[in-house]
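This report describes the surroundings of a ligand and the pockets of a protein. Please look at the sequence and the structure before reading on.

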Amino acid sequence: MKCGFPPDFLWGSSISSYQTEGQNFTADWYRWEQTRNLMPAGDACRHYHLFDQDFALARSLSQKSIRLSLEWARICPENRTFSQKAIEHYRQVFSSLKRHNLIPLVTLHHFTNPAWFIEQGGWQSARNIDFFLKYVITAVKELGETIDYWIVFNEPLVYIYNGFIQGIWPPGVSSLRVAKGVYNNLLSAYITAYQEIKRIKPSSLVSIAKHVRVFDPCRYTGVGLTHLFAGLRSYFFNYRFLDACMKKNALDFLGVNYYCKEYVRPALSFFGKECRLAHHPERKNTLGWRVSAEGFLKILMCVYRRYTLPLIITENGTTETDDALYERYLIEHVTAMAKGLANKADIRGYFWWSLLDNFEWDKGYAHRFGLIEVDFDNFQRKIRPFARRYKQICEQNGIVS
Ligand code: BGC
């Protein structure tokens, strides 16, 4: 039996600039690593130099598309200075993708910023939104000719949560008040960026890559209130930002990043907190995330029914120590997507996170999400066995049983 994926379904994988390129010395994350005594990204995967080889590998795995990001800090290393060298580099990246017959989905902001932008107050100041818009306009004008899909922000809520509530990512702030201001600034930057991109090239398809998570109430703690906290967490984390973009007609499709399910228990904080008790049924991956393909189907149907926009799964993946677990995750999640399609959800693409093992932010290099294993001593690439299974799925346009 064959699942009903549309013939032009985009099968691919995702990467981001800071996590793979290496030596992004002008980015805020680089400065953060220096001051926090963290494992630095360093050379990352040396993808800055090895991009052509990496795209050839993706093509050899029968992928049709790659989602990648531009590094704002490279393109605009100093305030008001655009680097022609960096723009030329990304031109070469896009012509390599074209040569390998890979359709690009381009993210403009994947968590990192130029260091100078942060020195001027970063996303905390509404005045700074213009700096971002100038970069967006330059990138789209200089590089947009062959790009149809733009993703303005990757996971704005994850960025806000880690950088401005938890304070574990740059700029390391822990304040709900500041986080609210950043939220408003990112929203306003997104809506204006959407309008600018459409003005420059009306045929572009513009969205964000939204991290969504299934928040189920924990059955073992404080029954009555758990539903309320799970509902609040889900609304604020999954939907509020998207609702506001929809109100402004500023989404052409919806980029969905999905990894796991979370159980919520009551707490003093407004959103409750994650229940880490062992007795929930789902297994955990090496990061402790609860794997749930059922949750994937549930959230896909929820977002599709709420927005009735075409969906592209811009990230889905896991980190394991055993190849069989990667394969199981892949098969279960592709099957869930097929069920979503059978339930009439309009899903247009699927991107495994990630093409390559890469720099996992504050966790360094221990956790490996790649279809392709990277040896970080000599930068050799090695295709993981489960990637061959993904190749088959790409070739057969779904799972044939
Ligand atoms: C982010 C990636 C990250 C991945 C795994 C996603 O939320 O977009 O940058 O590497 O999760 O943690």
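A polar contact is a pair of N or O atoms within 3.5 Å. The model discussed here is predicted.

**The ligand**

An oxygen atom of the ligand is 2.5 Å from an N or O atom in the side chain of Glu155, so this pair falls within the 3.5 Å limit of a polar contact. Two tryptophan side chains also have an N or O atom paired with a ligand oxygen atom: that of Trp361 at 3.0 Å and that of Trp353 at 3.3 Å. The table lists these distances.

| Side chain | Distance from its N or O atom to an oxygen atom of the ligand |
|---|---|
| Glu155 | 2.5 Å |
| Trp361 | 3.0 Å |
| Trp353 | 3.3 Å |

On its own, the ligand has 310 Å² of accessible area, and the protein covers 95% of that area. There are 13 residues around the ligand, and those that come nearest are Gln19, His110, Glu155, Glu315 and Glu360. Glu155 therefore appears both in this nearest group and in the polar contact at 2.5 Å. Sorted by class, the shell consists of 6 nonpolar, 4 polar and 3 charged residues.

**The largest pocket**

Where does the ligand sit? It is found in the largest pocket, whose volume is about 1400 Å³. A total of 48 residues line this pocket, and Val158, Tyr161, Asn162, Arg213 and Phe237 lie nearest its centre. Several elements give two or more residues each to the lining: the helices are H8 (156-165), H9 (176-200) and H10 (223-247), and the strands are E5 (205-217), E6 (254-265) and E7 (273-274). Which of the elements gives the most to this lining? That is H8, with 6 residues. By class, the lining of the largest pocket is made up of 23 nonpolar, 10 polar and 15 charged residues.

**The second largest pocket**

The second largest pocket holds about 210 Å³ of space. Its lining has 13 residues, with Gly22, Gln23, Tyr48, Arg74 and Lys85 closest to the centre. Two or more residues of this lining come from helix H3 (47-60), and two or more from helix H5 (84-99). How do the lining residues of the second largest pocket divide by class? They comprise 3 nonpolar, 5 polar and 5 charged residues.

Conventions. Residues are numbered from 1 along each chain as its sequence is written. This is a predicted model: local features need pLDDT of at least 70, side-chain atom pairs count only at pLDDT 80 or more; totals for chains, interfaces and linings use all residues. Side-chain values use heavy atoms; hydrogens and water are left out. A residue is near a molecule or strand if one of its heavy atoms lies within 4 Å of it. A polar contact is a pair of N or O atoms within 3.5 Å; within protein, one must be able to donate a hydrogen and the other to accept it, and residues adjacent in sequence count only if both atoms are side-chain atoms. Accessible areas come from the Shrake-Rupley method with a 1.4 Å probe; for residues, only the protein chains shown count as cover. On a 1 Å grid over the protein atoms alone, a cavity is a set of points where a 1.4 Å probe fits but cannot get out, and a pocket is an open set with protein on both sides within 12 Å along at least five of seven lines; lining residues have an atom within 4 Å of a point. A molecule sits in a cavity or pocket if more than half of its atoms lie within 2 Å of its grid points. Ala, Val, Leu, Ile, Met, Phe, Trp, Tyr, Cys and Pro count as nonpolar, Asp, Glu, Lys and Arg as charged, and the others, Gly among them, as polar. Grid points are joined across faces, edges and corners, and a volume is the space filled by probe spheres set on the points. Helices (H or I, at least four residues) and strands (E, at least two) are DSSP runs, numbered from the N terminus.
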